[in-house]
Each structure stands twice: as structure tokens, then as C-alpha cells.
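Reader: Before the terms used for this model are accepted, the grounds for each should be set out. May I ask for them one at a time?

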Amino acid sequence: MKLKTIKTTAICMSLLAAVSCTDNFEEINTNPNGITTKLLEQDFNHIKGLFGPMLNNILVLTPEWKYQVQQGLQADIWSGYMATGTAFRGGTNNTTYDLVDGWNGFAWGAAYGDVMSNAYEIEQKAKGKYDQFYAISLIVKVEGMHRVTDTYGPIVYSKFGTTDPVIEYDSQEDVYQLMFDELDIAVAELTKRVDAEEASTFVTTDITAYKGDYKKWIKFANSLRLRLAMRIVKKVPALAKSEAEKAIAQKFGVMTSNDDIFKIVSPVYTNPIATISGAWGDVRMSADMESIMGGYNDPRLAIFFNPSVQFPGEFKGVRTGIEIAAKADHVDFSAIGPIVNSKEMVLMNTAEVYFLRAEGALRGWNMGGTAQDFYESGISSSFSQLAVSGSATYIADNVKTAKAYVDPNFTVNNAAAVNNVTVAWDAAAGNEVKLQKIITQKWIANFPEGQEAWSDYRRTGYPKLFPVLKNTSGGKIDSNLGVRRINFVQSEKDGNPGGVATGVAKLGGLDTGGTRLWWDTTDANF
């Protein structure tokens, strides 16, 4: 996408979001066609129609530019997955730590305009009456909104839908507890219906690969609980352990097969990254991916990326946070590959769950197996998901490590390798090395879903990534630590300034990209 287009769409976004997140949600969701309530309630249509906007906007599928500013120029970059050779805003932007408020409000706008507002309406229509729909809406809500709190910190959650003059923000600690409580409700309700052998009423509405299967939704909810539990391990380790073990102990457990992968399946839209990288040429393989996956000679590399046009047969990445003279300088490096050329958007895969269990076992939690077994199962699951052979050889490799990065066009961007661990499990290694191995392989397996990778990087410091060379944050963001969060959005500052003030107070620091979130602590990993 050209800079002019992003500027234009940012202006349009600011106009659309000129009200706070809690304004006009009833008007937005009012049926404009005058269909009667009686007609809508036939076959639960008055509820079913609300799920599509929720699911399609956890990550925005269309238009592609909206995904680009919702996540593409945020987490996908800061996670070390992708980089851009496009000099947006004259070369000073999110990639150089000069956070662009006109871009960064889109993650908030999509979440509240499509996920939170529809979850609220489903609650009003279904809770206590059609609780199977309410249960699934809670799972989708948690999946969508944990991404928002992990981006901004304190958010509007428990007070959403109120008409108070000041809509107070919840602390991130409170949001996480509320999400655990909501997963409790959802899992209990759906389990009751599975036990009763009740036929699903969600089949025709479910645009995920689950197709209304309540048992699969329960396994996803448990897996999501495990993800959230691990996020808070350094702040409230006892709660993290109990929630993680609860997820494993629940009768249907967590995701264990690639048939359990949580993904949106669209007959119409492809992954927006395919357009952003392909037709627009705005993202390329990162230098971190080239260093780590290239050093391992990882067979998945050809699924994730295309060989360079400029250097045929090679995979060449771009370093983030560099001086960009012209887009042409790196546009012929490796584009994003076949993994995004499908009608699916993976939001959580089974490999991630195995790596979560590996970390839990490493911490002494009851995960139902050993850290090594889960670690190796995570790698095998990723290879299987991508239909790539050679996992056994890869798992056993105790020699290869990340390689140095070389920019063949600009040597100033070169860097020695920083993430120096091998793939093979080492029982004699300390917990820190074992954790680095787990998170590095989890990072690879989760590609291209940058939000979770960015959160893991902030939580653990792994995988180790190259620091930016050009930092235009004005001292707000450390070049070595990277972006820790996004500023509160302008629409909220205009429409709910008192609420934003409560958010800043609960943030515990300045409203900048350098302030750590509640769970993002400087405490040691162990």
C-alpha cells in the first residue's frame, strides 16, 4: 500500500471512530431492513447473524489495508516475523518506534465495533434463553479482546454498554480474571450440552473449521485458558498454575490434533497478508526469520516465504528499523510465501498448545507429560500442519544455530546472530536455555500470527531479536527492548477522556509505547 493510501484511510478511520468505543453500539447493530423480531428469531437468526462480524474481525480479513494497520504494521513487525522496505511517513513510523496514532487506533476500533459490540448484543438476546450461543460468544469475545488488552493494557471491559458519563477502564489484572470467569461459564455450558448429546444449533453459522462442534469449541476454550495462564506466570504464578492445570484437567482437555486448530475459513477472502506482501510489496521476510530459520536450515522456510527475486534460490530478509532510501532497495527480497495463499486464517494452532504444555511442565505444573515430549510434539505438529517432512531429523539437530544476517545491498544493516540455541532438547541445560528453545520453536510454529509472538517476546525476551538501528521515538522506547504497548486511542481521548484517565492511572506509567503492561515485568523468567 502506498503512503498516500494509508494517510487517506487513517483520516477515514478517525472520522469513523470519532466517538468513544461505547457510543452508538445499539445503532450500529440495528437491522436497517425493517425485518420483524419474529422473523429474525426463526432458527435463532436474530443471534446467529452477530457471529460473522465478530469472527471476521478478530483479525480483519477485508479490506486488506485495515488488517495492515490493525496488526500488519504493529505486531507482525515487532514480533520479528516480517519487515517492510516501504518508507511510510518519510521513514519514521511504527517500524522505527515513532508510533502512528492514525494507524494504531484500528486494533481498538475493530475490536469494539465488531467483536465487543456484537458480544454485548448476543448477551442481551441469548443469556438465560439460548445459552449455547452466549457460551460461544464468550469464547470469541475472550479470543478477540485478550489481544486488545495485550496491545493497550487497561481497557473498557466490565463497563462496556453502560451509559455513565465516564466509562471506566479495567486494569489488565481484572480483565484477565474476568476472562477466566467467562471461560468457566462457556466451558460449563457447552460441556453440559455435549453430555446431554444435544445437537449443535451453531452448525450453519460457524465460519470456523469447527462447524459448530461444541466439543471442539470446549477444547479451544481450554487451550485459550492455557495461553492466558502462561501470560501471567511472572505476576501471579499460583493463579497461572491453577488455571493452566484446570485447562488440562477439564474432561475434554486441550487441542491435541491438527483437526483441533482454531481457524476462520472463508470461501471468499484470502489472508490479507497475501495482498500486502504480493500485490503491494509492503512486507518481506524479516532479518530475524532469515537468521533463525536459515541457520537451522528449517524445511518450513519455503512454506513461509518465497525465494528472493534479486537473489534466486536464496531467502533474504529485511532488517526492521533501518534507514530506507527507496522501496526498490528491498522489494525483491523474500515475499511471504504459500502459507498465506489460502482461504483460512489460523488464530491458534495445536503446536502452540504443545509448547505451552512444555513450558508448564518445565515450571513443574501438571501438564500430563514431560517438557521434552511436549516440545518435540510441538515441532512435529507444526511440520504435520504444514505437510512438511523431516521433523525427526530437525528435532535431533544439536549443531545448527542461527546465522549472521547480511544485507547484500547495505552492509550497515548487517548483524551477528543473537538467538544462539540449537533445536535438539538438552536435558542437562538450565531452565533458561530450555525456555529459549521452547519459545523459539513456538515463534516459528505460530507464523504468521504476529500478535501472540509479540506477546511472548515481551513476556520472556525470546527469541532474541535484532535491535532497530533507527529509533525515532524521541527516547520513549528503548531500541533493545522494543515496543511494549500502543498508546490509548484518539477516539477514546475525544469521546471518553475521563475513562482514558482511569486507564492511564491503572497502566502505572506514561501513555507511551515504552511502558510495560501488567504482565510484562522485568522479573526473571524463573
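Author: The exchange below takes up confidence, helices and backbone geometry in turn. This is a predicted model, in which local features need pLDDT of at least 70 and side-chain atom pairs count only at pLDDT 80 or more, whereas totals for chains, interfaces and linings use all residues. Residues are numbered from 1 along each chain as its sequence is written, and side-chain values use heavy atoms, with hydrogens and water left out.

Reader: How do you know where confidence is lowest and where it is highest in the chain?

Author: The basis is pLDDT, the predictor's confidence in each residue, from 0 to 100. The chain has a mean of 93, and 92% of its residues reach 70 or more. Helix H1 (residues 3–16) is lowest, at a mean of 36, and H17 is highest, at 99. Over residues 1–32 pLDDT stays under 50. Where pLDDT is low, the predicted coordinates should not be read in detail.

Reader: Why is H17 called roughly antiparallel to H18?

Author: Helices are DSSP runs (H or I, at least four residues), numbered from the N terminus. The axes of H17 (residues 350–362) and H18 (residues 371–385) cross at roughly 165° and come within 8 Å. Because angles over 145 degrees count as roughly antiparallel (under 35 roughly parallel, 65 to 115 roughly perpendicular, the rest oblique), H17 is roughly antiparallel to H18. The axes are lines fitted to C-alpha atoms over the stretch in contact, and angles run from 0 to 180 degrees between N-to-C directions.

Reader: What makes residues of H17 and H18 part of the contact?

Author: Contact means heavy atoms within 4.5 Å. Among the residues that make it are Tyr354 and Phe355 of H17 and Phe374 and Tyr375 of H18.

Reader: What is the expected span of helix H11, and what does the model show?

Author: The expected span is 1.5 Å times one less than the number of residues. H11 (residues 172–195) has 24 residues and reaches 34 Å from its first C-alpha to its last, close to the 34 Å expected.

Reader: What makes the backbone at Arg89 and at the bond between Thr62 and Pro63 worth noting?

Author: Most residues other than glycine have a negative phi, and most peptide bonds are trans. Arg89, not a glycine, has a positive phi of about 50°, and Glu197, just after H11, takes one of about 55°. The bond joining Thr62 and Pro63 is cis, with omega about -5°; the bond from Phe447 to Pro448 is also cis, with omega near 10°. Pro63 is in the loop between H5 (51–56) and H6 (64–72), and Pro448 is in the loop between H20 (431–445) and H21 (450–460).

Definitions and conventions. Helices (H or I, at least four residues) and strands (E, at least two) are DSSP runs, numbered from the N terminus.
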